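User: I have a structure to go through at the bench. Can you take my questions one by one and reason each answer out briefly?

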Amino acid sequence: MDAYGRGGLTPQTRSQSDGLSDRVELRLPAEAEQIPLVRTLAHGLVARADFGLDAISDAKMAVDEACSQLVQPAELGAVLCCVFHEIPEGIAVSISTRTSRPYLPSETTFGWHVLTTLTGSVTARCEPIPGELGARRRSSSS
């Protein structure tokens with residue numbers, strides 16, 4: 001999520017080097033019922049970084065959509081890993097989970113359109129897990 005996304009996702013008043021940790025990671029079951037927790041974390045982190053109300057709303061919607069697209073193909077019992085990292089342009093978010101087969105979201109869906117509208121950039125990729133049959137699907141936005 002960055003300054004180029006709808007609502008403007010650049011910090012308004014926070015200095016770039018305040019000595020606070022710029023990375024937050026949340027791991028939870030890859031289940032739809034857990035997505036509100038990720039939205040709540042996104043809200044808190046974006047608000048803490050002094051983003052505007054529109055940016056907070058955009059961040060919550062983007063994180064919600066990315067998690068929804070990852071939870072659907074996740075293996076039973078998989079973990080959803082969400083990493084929020086503050087960068088000079090705003091906040092980068094990486095969300096990943098384990099799937100039993102390689103799967104990338106269609107870039108022609110409404111959900112993908114939502115992600116690209118609310119963020120500066122979005123990428124999705126599958127990475128094999130060395131020595132295991134499953135694959136990890138990752139969605140990133142900045």
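Analyst: Ready. This is a predicted model. Ala66 is a good place to start, and it lies in helix H2.

User: Is Ala66 buried or exposed?

Analyst: Ala66 belongs to helix H2. The cut-off for buried is under 20% relative accessible area. Ala66 has 8% relative accessibility, so it counts as buried.

User: How far apart are the C-alpha atoms of Ala66 and Trp112?

Analyst: Along the chain, Ala66 and Trp112 are 46 residues apart. In space, their C-alpha atoms are separated by 8.5 Å.

User: Which element gives the most residues to the largest nonpolar core?

Analyst: This core has 31 residues. Those with the most contacts inside it are Val63, Cys67, Leu80, Phe84 and Ile95. The elements that give two or more residues are H1 (35-48), H2 (53-71), E2 (79-87), E3 (90-99) and H3 (110-118). The top contributor, with 9 residues, is H2.

User: Which residue of H1 and H2's loop has a positive phi, and what is the value?

Analyst: The loop between H1 and H2 holds Asp50. Most residues other than glycine have a negative phi. Asp50 is not glycine, yet its phi is positive, near 65 degrees.

User: How does Asp50 count by accessibility: buried, partly exposed or exposed?

Analyst: Buried needs under 20% relative accessible area, and exposed needs over 50%. Asp50 has 29% relative accessibility, so it counts as partly exposed.

User: What does Leu37 touch beyond its neighbours within four places in sequence?

Analyst: Leu37 sits in helix H1. At 48% relative accessibility, it counts as partly exposed. With neighbours within four places left aside, its contacts are Leu26 and Leu28.

User: How far is Leu37 from Asp64 in space, C-alpha to C-alpha?

Analyst: Leu37 is in helix H1, and Asp64 is in helix H2. The two are 27 residues apart in sequence. Their C-alpha to C-alpha separation in space is 9.8 Å.

User: Which residues is Asp64 in contact with, leaving aside neighbours within four places in sequence?

Analyst: Asp64 is part of helix H2. Its C-alpha lies 9.7 Å from that of Ala32, a residue 32 places away in sequence. Its contacts, with sequence neighbours within four places set aside, are Ile35 and Arg39.

User: Which residues of E3 does Phe84 touch, not counting residues up to four places away in sequence?

Analyst: E3 spans 90-99. The contacts of Phe84 include Asp22, Arg23, Val24, Val38, Leu41, Ala42, Leu45 and Val63. Its remaining contacts fall inside the E3 range: Ile91, Ala92 and Val93.

User: What is the volume of the largest cavity?

Analyst: The structure holds 2 cavities of 30 Å³ or more. The largest has a volume of about 90 Å³.

User: Which element supplies the largest share of the lining of that cavity?

Analyst: The lining has 11 residues, and the closest to the centre are Asp22, Leu45, Arg48, Glu86 and Ile91. Strand E1 (23-29), H1 and E2 each supply at least two lining residues. The largest share, 3 residues, comes from E2.

User: How many charged residues are in the lining of the largest cavity?

Analyst: By class, the lining has 5 nonpolar and 2 polar residues. The charged residues number 4.

User: In what order do the elements run from the N terminus?

Analyst: The protein has 3 helices and 5 strands. From the N terminus on, the order is β-α-α-β-β-α-β-β.

User: What share of the contacts with a separation of 6 or more comes from residues 24 or more positions apart?

Analyst: The protein has 142 residues, and buried ones make up 45%. Among contacts with a separation of 6 or more, the share from residues 24 or more positions apart is 66%.

User: How much of the accessible surface belongs to carbon and sulfur atoms?

Analyst: The accessible surface of the protein comes to about 7,500 Å². The part that belongs to carbon and sulfur atoms is 55%.

How values were computed:
Residues numbered from 1 in each chain as written. Predicted model: local features only at pLDDT ≥ 70, side-chain atom pairs only at ≥ 80, totals over all residues. Heavy atoms only, no water. Core = buried A, V, L, I, M, F, W, Y, C linked by side-chain atoms within 4.5 Å. Buried < 20%, exposed > 50% of the residue type's maximum accessible area, 1.4 Å probe, protein only. Contact = heavy atoms within 4.5 Å. 1 Å grid on protein atoms, 1.4 Å probe; cavity = no way out; pocket = protein on both sides within 12 Å on 5 of 7 lines; lining within 4 Å. Points joined across faces, edges and corners; volume = space filled by probe spheres on them. Nonpolar A, V, L, I, M, F, W, Y, C, P; charged D, E, K, R; others polar. Areas by Shrake-Rupley, 256 points an atom, 1.4 Å probe, with all protein chains shown as cover.
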